[in-house]
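Thank you all for coming; I would like to walk you through one model this morning, starting with its cysteines and then moving on to helices, a ligand and some backbone details. Please have a look at it first.

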Amino acid sequence: MYLHWLMFALASVGWVSDAKNCNDTENAAAYDALFEHLGLDKNDNQKRPLYYGDATHVFVELYVTSIIDVNEKAQSLTIQVKMITAWINIKMDWNSHEFCGMNTFSARKDMVWTPDIVIAESIKTDFGTKESPYVQFYSYAFTVLSDILVLTTACKMDLHKFPFDIHSCNLTLQSSAYSIEELKVLTFADSEWVTHESKQTFQAQGEWELLSINMVKSNISVGYEWDMKDQLIYQITIKRRPLLYVINIILPVFFFLVLDVMSFFIDASGTDKLSFKVTLLLSISVLLLILNDTLPSTADKIPLIGIYCSVIFSLIGFSILETILVNFLMARGAENRSAASIETTTADAIRSLQRPQGSVRDQNEEQSCTLDLLKQILTEYLAGTQQNQQEKASLCWTSVSRMTDVTFLVLYIITIIVFLSVLGKDWFP
Ligand SMILES: *[C@@H]1O[C@H](CO)[C@@H](O)[C@H](O)[C@H]1NC(C)=O
């Protein structure tokens, strides 16, 4: 990539153009000569190559080629990376036209010294397909090692904003044995280039999207102060594609809430409304079960989606309680109404019974008539007041229940709007 391109450019500028044409025998001879020139037959190559007496300069380039798995519960990230490691060995340069224009040369890895670069956060490192057994030498003293690795690294993930979360995971490259005076970890490429190249070669289009790769130089002292290690930190920023969770959880739960609000317009006298609301509550609990599988149990901050679901769950719970209350009030009203109508019929019956009684009695007709009238008025008055009271009570119950319903609906809608706007502000800042 960048490194390869750089080397190719260097190679094409210098020696390739005036390389002499060799025949097969000359080529074979040049190959052997180069092998000897590089000293690959000697053990001398096992020594750490000094860079003009200074620390060995190791250049690392790392490209993320796919994100295999992000495990929120284990807080780990599994990615496939292409890692190119190059180092300078000033003793290993050659003039290519002395060797039939050969610019590169390959040899087995164990014939030369290789840097012990490790990734500090790694839990497990595998070779993607197969460990490359070879290193490549370039005529201007570079040795290159190129591998495809599958890394599982520890990465602290904050799921507060799930599923609209962005995570940043560090890959710290450092030598496990050499101190900063002996080995320096450097890079040729800049962050933009690495991000661009990684996106170009990105193979999977899964749940995660690669946002950027940043590089930071750092050093760390392990144990003793003098034991400093040079570090190159790759910060990989990834973003979840939230569509699945929006469709599967956020929208249905919101829709249930809307249904619950609309259910206030169902006739409150029946039990339909109550069973409808309980069904909504059960549907949300099914979605909560799905959510439970995704989110880790150990989170510093409760994920907002959890707050979203449980608050809506509780809101629907409260609205069920309110429906029960209104049902109770309605039932009281209905009871009073039926009692009132019973009273009316009894009063009517008494009156119809009393009239013939009144007319049968014929002693002192005027007196009895007046008395009858008085009695009748009294009965009617008494019955009337009773009926009025009953009717009034019944009306009272009904209006109280209506009032409760309307007040609750208004408060309910206000609560929902306030809750959703506060949550939204935190969720999508
Ligand atoms: C990643 O590295 C950067 C740069 O050194 C550092 O500021 C940050 O805290 C690191 N993040 C983690 C999670 O270790």
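When I say disulfide, I mean a pair of cysteine sulfur atoms within 2.5 Å. In chemical terms, a disulfide is a covalent bond between the sulfur atoms of two cysteines. Before I go further, please keep in mind that this is a predicted model, in which local features need pLDDT of at least 70 and side-chain atom pairs count only at pLDDT 80 or more, while totals for chains, interfaces and linings use all residues. Residues are numbered from 1 along each chain as its sequence is written, and side-chain values use heavy atoms, with hydrogens and water left out.

How many disulfides does the structure hold? There are two, and if we number the bonded cysteines of the protein in sequence order, the pairing reads 1-2, 3-4. One of them joins C22 to C100, with an S to S distance of 1.9 Å, and this link is left-handed, with -100° about the S-S bond. C22 sits in the loop between helix 1 (2-13) and helix 2 (24-37), whereas C100 sits in the loop between strand 2 (76-93) and strand 3 (104-108), so the bond ties together parts that are 78 residues apart in sequence. Helices here are DSSP runs of H or I with at least four residues, strands are runs of E with at least two, and both are numbered from the N terminus.

The other disulfide is formed by C155 and C169, whose sulfur atoms are 2.0 Å apart, and the link of C155 and C169 is also left-handed, with -80° about the S-S bond. Here C155 belongs to the loop between strand 7 (140-154) and strand 8 (166-175), and C169 to strand 8 itself, so this pair connects parts that are 14 residues apart in sequence.

Are these bonded cysteines buried or exposed? By buried I mean under 20% relative accessible area, by exposed over 50%, and by partly exposed anything in between, using a 1.4 Å probe and protein chains only. Both C22 and C100 are buried, and so are both C155 and C169. As for two further cysteines, C309 is buried at 1% relative accessible area, whereas C396, at 44%, counts as partly exposed.

C100 deserves a second look, since its phi is positive, about 55°, although it is not a glycine. The relative accessible area of C100 is 15%, which means that it counts as buried. A141, in strand 7, also has a positive phi, about 75°, without being a glycine, and A141 is buried, with a relative accessible area of 6%. There is also a cis peptide bond between F162 and P163, with omega about 0°, and P163 is located in the loop between strand 7 and strand 8. For context, most residues other than glycine have a negative phi, and most peptide bonds are trans.

Let me turn to the helices, for which the expected span is 1.5 Å times one less than the number of residues. Helix 2 has 14 residues and should span 20 Å, and its end C-alpha atoms are indeed 20 Å apart. At its N-terminal end, helix 2 is capped by N23, a side-chain oxygen lying 3.3 Å from the backbone nitrogen of T25, and helix 2 is followed by G39, whose phi is positive, near 70°.

Helix 4, residues 243-262, reaches 26 Å from its first C-alpha to its last, close to the 28 Å expected for its 20 residues. Where does helix 4 bend? The bend is about 30° at I250, and a proline, P252, follows within four residues; the angle is taken between axes fitted to the seven residues ending at a position and the seven starting there. Several residues of helix 4 are buried, including Y245, I249, V253, F256 and D260.

Finally, the ligand is surrounded by N170, I233 and Q235, where a residue is included if one of its heavy atoms lies within 4 Å. A polar side-chain atom of N170 lies 2.3 Å from an oxygen atom of the ligand. The protein covers 42% of the 360 Å² of accessible area that the ligand has on its own, an area that comes from the Shrake-Rupley method with a 1.4 Å probe.

How values were computed:
Polar contact = N/O pair within 3.5 Å; in protein donor to acceptor, adjacent residues only side chain to side chain.
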